[in-house]
Structures are given as C-alpha cells and as structure tokens.
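Colleague: Please take me on a close look at a single part of this model, and then follow the connections outward from there. I'd love one long, unhurried answer.

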Amino acid sequence: MVLLVRHPDFEQERQRLDFTKRYIDVVIKTSETSKDQFQRNMQEAFGDADWSESALYSQLLTTANFFEMSRSELESLRMASKKPYFARVDFERNDSDQGEILYFGKTSLYQRESQEQIIVDWRSPIANLYYEGRIGEIEYEAEGETFSGNITLKRQLMIEDGELEEVRDIDLTTTDELLQESLSKSSSNRLTDIITTIQEEQNRIIRADLNKPIIVQGAAGSGKTTIALHRISYFIYHYKDLFDPRQLMILAPSRVFIDYISEALPELGVEKVKQFTFAEYVQVAIGNQLKLVADNKLTRLLEKDDEETKAAIWISGFKGSPLFKLILDEYVKDIFRSFHPKEDFYCDKYRLYSAKKFIRLLEEDYWYLPLYSRLDKLKAILQNEVKLKKKKMLERVTDFYDVKIEKALYKNIDPVIRKEFVTKCLDKKEERMGQIKKAIRSSVKGYFKHFKNKNLLQYYQELYQDPEQLASYSSGKLSREDASALCNYNQKLIHEKSYELEDLGALLYLQELLFGVDKDNKAKNVVIDEAQDYSFMQLQALKTAVDTDMFTLVGDLAQGIHSYRGLQTWEEVHRRIFPRATYTELQKSYRTTVEIMKQANQILKLLQYDFPEVEPVVRHGTEPEFISINQDDWGEELIKHIEELKGEGFKTFAVIAKTMKDCKLANEKLSRCHNGFHLVDEAGIIPKDKTLIVPSYQAKGLEFDVVFAISLEEIYSRKNELDIKLLYVTMTRPLHRLYFLGSEKEDFLLRK
Ligand SMILES: Nc1ncnc2c1ncn2[C@@H]1O[C@H](COP(=O)(O)OP(=O)(O)OP(=O)(O)O)[C@@H](O)[C@H]1O
C-alpha cells in the first residue's frame with residue numbers, strides 16, 4: 001500500500017480554498033440579490049468559520065464594492081468557482097516590507113479599496129512571477145516599470161471540482177512534473193487551456209507587445225493554436241475597457257477546426273470572439289454569398305500530373321502572389337481614372353467646380369476612403385456648392401431681366417412695343433428661372449451620369465476581359481500568353497457564376513478599395529491559425545480590409561501542404577505586409593512522445609528545405625509500429641486493437657489516410673464491421689466517442705491519443721514534396737501511439 005505523505009501546509013491551503021469558495025458564493029449570490037442582502041449572505045456563509053473574526057473578513061464586510069462587477073466578470077467568477085486558482089507565489093518586493101501572497105487563477109477577485117487580492121488573474125503582469133520566476137531574487141516588469149524582489153515560495157495547487165487534491169512546491173531543481181503529467185493525459189478531442197503549465201517561451205509570445213503584430217513559426221505540437229487563443233484572452237483582459245471581444249476575430253482553417261477549439265474558448269473568456277474560416281469571412285465582408293467550386297487542387301495535385309492540373313496550380317499560385325496584388329493596384333488606378341471628369345462642373349451656365357479640383361479630391365484628399373465613399377463625398381460637395389450658389393444664380397437672372405425691364409419702362413418708346421418687350425422679358429425671365437431651378441435639381445446627377453457604376457463582381461469579371469489589358473497592369477511581369485490563360489480560366493468560372501477559393505483574396509481587396517468593408521466586419525485584432533496556408537494576397541487583403549495590422553499569425557511551413565498557393569517563407573509577408581511584426585520560432589513540441597517525434601523528424605529531413613529538427617519535451621512512449629494489412633481481416637484486427645487500447649485508457653483515435661479516396665475505402669471496410677467509426681467531411685463536427693477516419697490534409701491542427709496512418713491504394717512517395725508534408729502532418733497528430741497500417745513499410749517512407 002502506498003502511503004501518500006501530505007504536504008505540511010495542506011490543511012492551511014484547504015482552509016484558504018474553503019474561504020475563497022465561500023466568498024465567491026457570496027459575491028455571486030449578492031450580485032443576484034441586492035446590497036442589503038450582502039451582510040446576511042456573509043453571515044450565512046461565514047457564520048461557522050474561524051476566520052469570521054479575522055481582519056480580512058471585517059474589511060470585506062465594510063468595503064465590499066463588488067456590486068460594480070460587470071456581468072462578464074461575474075460570469076468568469078462563476079466559471080472559476082470549481083477551480084478558483086492553480087498556483088501560489090509568495091513575493092517580497094524590495095520597495096515594501098510587507099510580503100505578498102498571491103493566488104493565481106483564471107479570473108481576479110479583489111477589494112478595490114483595500115487592494116486585498118483574493119485571486120489574481122493569470123493575465124495580470126505580476127503573474128509573470130509564476131511563469132518566469134524562480135525561487136530567489138527576481139525582477140519583473142509591469143506597466144513599463146521594473147520591480148525587484150524575492151520569491152520565497154512557488155506552489156502548485158491541484159484542485160478538482162472544488163476540492164484540494166494536492167499541494168506541490170516548486171523549488172529550484174524541480175523539473176516540470178506538472179507539465180509532464182498534463183501531457184501524458186489522454187486527449188478529449190477538444191483543445192484545452194494550459195494556463196497552469198504555460199512555458200517560458202510560450203509565455204513570451206502570449207504576452208508579447210500587444211501593440212505589435214506577431215508571426216510565430218512553430219513546429220507541429222509546439223502549442224501554436226493554444227498560444228494564439230491564450231494571447232487573445234490576454235488581449236481581451238488588457239483592453240477590456242477599450243474593445244469588445246466581438247471586435248476580435250479568429251480565422252481557422254475549417255469548421256471542423258472551429259469545433260475542435262470550441263472547448264478552450266469559454267474557459268479563456270474568448271467565446272464571443274468572431275470565428276470564421278477565410279471563405280466565410282470574405283463572403284460576409286463583401287455581403288455576397290458566392291458559389292464556390294470545390295477546393296480540390298490538392299487532391300488533383302496528388303492524383304494527376306497532367307498539363308491541365310499544372311496550369312490550374314500555376315493559376316492558384318499566381319492569384320496568391322505579390323504580382324497579382326500589383327496588377328490589382330494598377331487595375332484599381334484605372335478604375336479611379338474612369339471617374340476623372342472630362343469637364344468642369346456646371347450648373348446651368350455657371351461653372352461651380354473645376355474638374356482638376358474634383359480629381360485632386362478624388363485621388364488625394366480622400367485617400368483614406370474607398371472609391372465609392374469618395375464619390376459620395378464629392379457628390380455632397382457639389383450638391384453643397386449648388387446650394388450655396390443657388391441664391392446668387394437666381395438673383396443674377398432676376399437682376400438681369402429686372403434691369404432690362406426697368407430700362408424699358410423709362411425709355412421713351414411706343415407703349416405697345418414696350419409692353420411687348422416687357423412681357424417678353426418676363427417670359428424669358430420665367431423660362432430662365434425654370435431652367436436654373438431644373439439645373440439646381442439635376443446638375444449633380446447629370447455630372448455623375450457619365451460615370452459607370454458597377455458592382456464588385458462586375459469589376460472582378462472585367463479584369464479578365466482583355467488579356468492585353470491584364471498584361472499591361474503587370475509592368476511586363478505577366479506575359480501575354482499567361483494573361484490569356486488566366487482570362488480563359490476565369491471566364492469559364494464566371495460563365496458558371498462560380499468562384500474559387502483563390503479568388504477570395506482579390507475580391508476582398510477590391511471590396512475594401514472600391515466599396516469599403518462594413519464597420520461591423522472589421523476587427524481590432526485578428527488571429528490566424530495555420531497561417532502558412534494563406535497566400536500573400538489573402539493576408540494583404542485581410543490587413544487592408546480590417547484596417548489594422550494587429551495580427552497574430554501562427555503556422556508551420558513544414559506543414560505547408562498548400563504551399564503551391566500559400567507561403568513558402570515568412571520573409572515576404574513580414575517585410576511587405578507586417579513590417580512591424582515580431583518574428584518568433586518555437587522548436588519544442590509538447591504533443592507527442594520522443595519516439596514518435598524522432599520518426600517524424602526523419603520524414604522532415606526528406607524535404608529539401610532546411611527545417612530544423614523538432615525537439616520533443618522529454619516524454620517517452622512506445623516506438624511507432626508497422627502493421628501489415630495484407631490479410632483480409634485487417635478491419636477486425638484493427639477494431640480489436642482499438643478495444644485493447646481503450647482498455648489501456650486511451651480515449652481518442654483516428655485513422656488517417658493520405659486522401660479522401662483511401663478514407664472512403666477504409667470507412668467501407670471498418671463501418672461494415674463496427675459502428676464506432678466516423679468519416680469526417682468538410683462541414684462536419686467531430687463526434688466525441690467515435691474513431692475518426694480523416695484525410696491527412698484535414699487532420700492538420702487536430703490531435704488524438706492514438707493515430708493509425710493507413711495506406712490502402714495510396715502510398716506516400718519520397719519524390720513528392722506534398723506527400724512528405726502530408727505524411728509529416730499525419731505522424732505529428734498522435735499524443736501517445738502511432739501505428740502504420742499498410743502493405744509495406746516503404747509506403748510510409750519507413751526504413752525496412
Ligand atoms: N505548456 C503546455 N502545457 C501543457 N500542454 C501543452 C503546452 N503547450 C502545448 N501543449 C499541448 O500540446 C498539444 C499541441 O498544442 P497545439 O495544438 O496548440 O500545437 P500546434 O503548434 O498548434 O500544433 P500543430 O501545428 O500540429 O497544429 C496540445 O495538446 C496542447 O494542449
């Protein structure tokens with residue numbers, strides 16, 4: 001029998017937890033009733049406790065002002081009540097003789113007047129003491145100031161369901177036992193928060209300057225997705241008075257992925273942040289639901305190597321390139337030029353505004369507005385000009401005829417002729433007045449009539465109407481033949497009223513430059529996961545459309561399976577789109593075991609790029625295993641194997657094939673034997689209790705306890721970069737076990 005030796009302070013910590021829980025209950029209860037009720041609630045909650053006599057208790061009683069708590073603060077407190085904090089740090093600041101005892105949790109709870117902190121939020125600057133501090137002398141920064149002091153105690157508190165389970169002190173030599181424990185747990189098919197075990201290098205990214213964009217190149221499993229979500233949480237906490245979470249946006253690769261991260265969001269208080277795939281966002285931003293053709297370039301690339309595929313791939317790359325942006329910029333200039341008036345603006349015979357001034361305003365003064373908003377401004381200016389001159393114009397006509405009439409009245413002429421003349425003058429005057437009034441009403445509209453109004457899709461279509469013209473926008477970088485190929489390709493799509501994913505960057509860019517993106521669809525901060533799959537054009541369009549460069553881009557070039565249209569390096573994006581960005585690399589992988597990572601690193605070496613080896617956090621498991629499926633009963637065998645693994649405590653399983661083709665074959669076989677399998681489709685959600693059958697490209701970003709890489713009719717070729725990347729993605733999905741199911745080891749590029 002193992003006797004657990006309890007930490008000497010266990011009882012003291014248990015009491016503190018009890019106090020905190022009761023206090024949270026009071027706060028919640030009181031917020032639901034009234035201030036008068038508060039004292040009674042306190043009595044009820046603390047009547048039997050020892051510390052009802054304590055100074056803290058009476059201070060709470062007299063100075064409580066948590067009635068000012070916002071609804072969201074209360075909501076966080078409610079969520080935190082089962083686990084109010086996870087760590088304690090005792091700190092003696094050099095500039096104060098009073099030591100501080102800090103309990104860190106997911107939210108904060110404190111007395112504003114007394115500054116007595118019951119729980120300190122993990123996102124507050126002082127929490128760096130926990131994440132980066134070691135026992136002993138330390139310096140830390142908060143709000144631009146540096147504080148120094150001494151950490152005398154650093155303690156982790158394991159609390160489950162409101163009960164204290166374990167107290168563990170971290171001294172100078174303790175390695176990260178908690179991290180090890182947390183990594184050795186089984187996955188739940190959903191991403192979770194890591195606030196208890198955030199590592200120093202991750203902490204720096206989460207807390208990096210919030211006023212600067214950041215690009216993170218991180219190895220598979222280095223915590224990119226997790227960190228990105230924690231960084232949003234950090235951003236929300238720091239700017240809670242400035243921004244609403246709805247002004248922030250997460251862009252994820254698919255709905256499956258959004259479902260996958262959904263569990264971590266409320267825990268981190270970021271569930272209100274907008275979550276889109278890129279295609280969804282663009283369609284919302286342009287206010288148009290498009291008919292999108294299936295995004296099958298990757299599978300085409302894997303299946304066929306014919307001329308048609310090559311051309312389609314080239315077009316994908318082109319539509320994402322900086323060259324395409326240059327072409328669009330020139331095209332937009334051309335569109336602007338079509339709004340240059342040839343003549344000055346006249347109302348009737350009166351010249352009210354010069355064309356030159358109109359052009360100057362259009363091109364320069366309103367540079368910060370989209371084209372059509374500039375035109376609206378100009379329209380208003382001309383209308384105002386007309387309004388201002390209206391009286392003058394009418395007076396001029398009146399004066400002109402009145403003088404004429406008056407002169408006639410005093411002239412010594414035949415009364416009949418005079419009468420005739422005066423009548424004519426009066427008629428003429430009336431006619432001119434009518435003409436001017438009409439001009440006042442219609443001259444602005446008439447002036448604008450020469451400009452042709454088109455909608456976004458019409459403009460986009462026209463770009464592909466004339467190859468000569470298209471090539472001319474490229475400063476000689478696009479040949480006439482390539483321009484022709486592009487025009488033909490897109491005209492075919494347009495004929496079917498369809499668009500492909502690669503068109504969306506350009507559409508979003510044009511929308512912002514020509515019409516503008518609605519304020520509600522802009523964002524103050526954007527997080528992009530799997531950013532390596534975005535093209536230069538898509539990222540440029542996003543930055544232009546949302547009106548900020550406050551982006552967090554996380555990705556891994558080694559997993560860049562869409563590199564034919566995405567990014568091959570971060571360099572250009574950094575230099576040309578986000579020059580203010582901080583660039584960071586994460587090489588340590590937290591997901592998988594040393595044994596699995598070692599094999600995945602072998603695969604990585606097959607790529608011609610110089611990707612550094614990924615360092616796994618030291619956690620050992622079994623070697624990946626090859627299982628031959630040359631017998632007919634491999635389905636039954638696999639099912640038996642899964643049952644055994646379940647018996648060992650593993651919870652989540654995936655069968656990952658190269659493409660959907662093999663997935664369907666595997667599904668046919670396995671689903672015939674057992675109903676515990678689920679073939680993942682693009683829009684699908686992930687059922688918690690089934691073994692997923694998923695193509696490699698869709699497994700990107702996800703993780704499972706156990707992965708069966710399967711090869712039925714499709715093998716991985718070492719000559720094909722895409723195959724290597726897909727295999728690498730597959731091999732980096734498991735937390736604990738990896739099996740290869742196929743005819744031969746070489747089908748997975750494994751040594752015999
Ligand atoms: N500091 C940490 N403490 C505990 N778990 C961690 C830590 N960092 C990462 N993890 C875990 O490692 C796994 C991988 O994290 P995540 O999915 O965020 O990595 P990623 O870099 O986005 O991976 P990929 O590139 O493969 O999508 C997750 O299970 C995550 O919870």
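Modeller: Happy to! Let's start from one pair of residues: A654 has L692 in β23 as its bridge partner. Please keep in mind throughout that this is a predicted model. The bridge between A654 and L692 belongs to the pairing of β21 (residues 653-657) with β23 (residues 691-695), two strands that run parallel and share 4 bridges.

Step back from that pair and you find an open sheet of 6 strands with parallel pairing, in the order β20-β25-β24-β21-β23-β22. Its edges are formed by β20 (625-628) and β22 (677-679), each of which pairs on one side only. On average, neighbouring strands here are turned by 25° against each other, if direction is ignored.

Now add the helices. Helix α25 (residues 634-647) packs on this sheet and touches β21, β23, β24 (704-710) and β25 (734-742). The direction of α25 makes about 165° with that of β25. Helix α26 (residues 660-673) lies across β21, β22, β23 and β24, and runs at about 155° to β23. Our starting strands, β21 and β23, are thus touched by α25 and also have α26 lying across them.

From here I'd go to another sheet. This one is also open, with 6 strands and parallel pairing, and its order is β10-β9-β15-β16-β8-β17. The edge strands are β10 (274-276) and β17 (582-586), both pairing on one side only, and the twist from one strand to the next averages 15°. Within this sheet, β8 (residues 214-218) and β16 (residues 551-555) run parallel and are joined by 4 bridges; I214 stands opposite T552 in β16. The helix to look for here is α8, which packs on the sheet and touches β8, β9 (248-251), β15 (525-528), β16 and β17. Its direction makes about 165° with that of β16.

Helix α8 also leads us to the ligand. Both α8 (224-238) and α6 (177-184) supply at least two residues each to the shell around the ligand. That shell holds 24 residues, and the closest are T197, G223, K224, T226 and Y590. By class, the shell divides into 14 polar, 6 nonpolar and 4 charged residues.

For the wider setting, an unreviewed UniProt entry annotates residues 197-593 as "domain: UvrD-like helicase ATP-binding". Over that stretch the chain is 57% helix and 10% strand, with the end C-alpha atoms 17 Å apart.

One helix pair is a good place to finish. The axes of α14 (residues 322-337) and α21 (residues 503-515) come within 11 Å and cross at roughly 35°, in a right-handed crossing. At the contact, F324, L328, V332 and I335 in α14 meet A506, Y509, L510, L513 and L514 in α21. By class, that contact has 9 nonpolar residues, no polar ones and no charged ones. Set beside it the shell around the ligand, with its 14 polar and 4 charged residues.

Methods. Residues are numbered from 1 along each chain as its sequence is written. This is a predicted model: local features need pLDDT of at least 70, side-chain atom pairs count only at pLDDT 80 or more; totals for chains, interfaces and linings use all residues. A residue is near a molecule or strand if its C-beta atom, placed from the backbone, lies within 6 Å of it. Ala, Val, Leu, Ile, Met, Phe, Trp, Tyr, Cys and Pro count as nonpolar, Asp, Glu, Lys and Arg as charged, and the others, Gly among them, as polar. Two strands pair if DSSP finds at least two bridges between them. Axes are lines fitted to C-alpha atoms, for helices over the stretch in contact, and angles run from 0 to 180 degrees between N-to-C directions. Two residues are in contact if their C-beta atoms, placed from the backbone, lie within 7 Å. A crossing is left-handed if the near helix is turned anticlockwise from the far one by less than a right angle, and right-handed if clockwise. UniProt positions are given in the numbering used here, feature names are shortened, and annotations may be inferred rather than shown by experiment.
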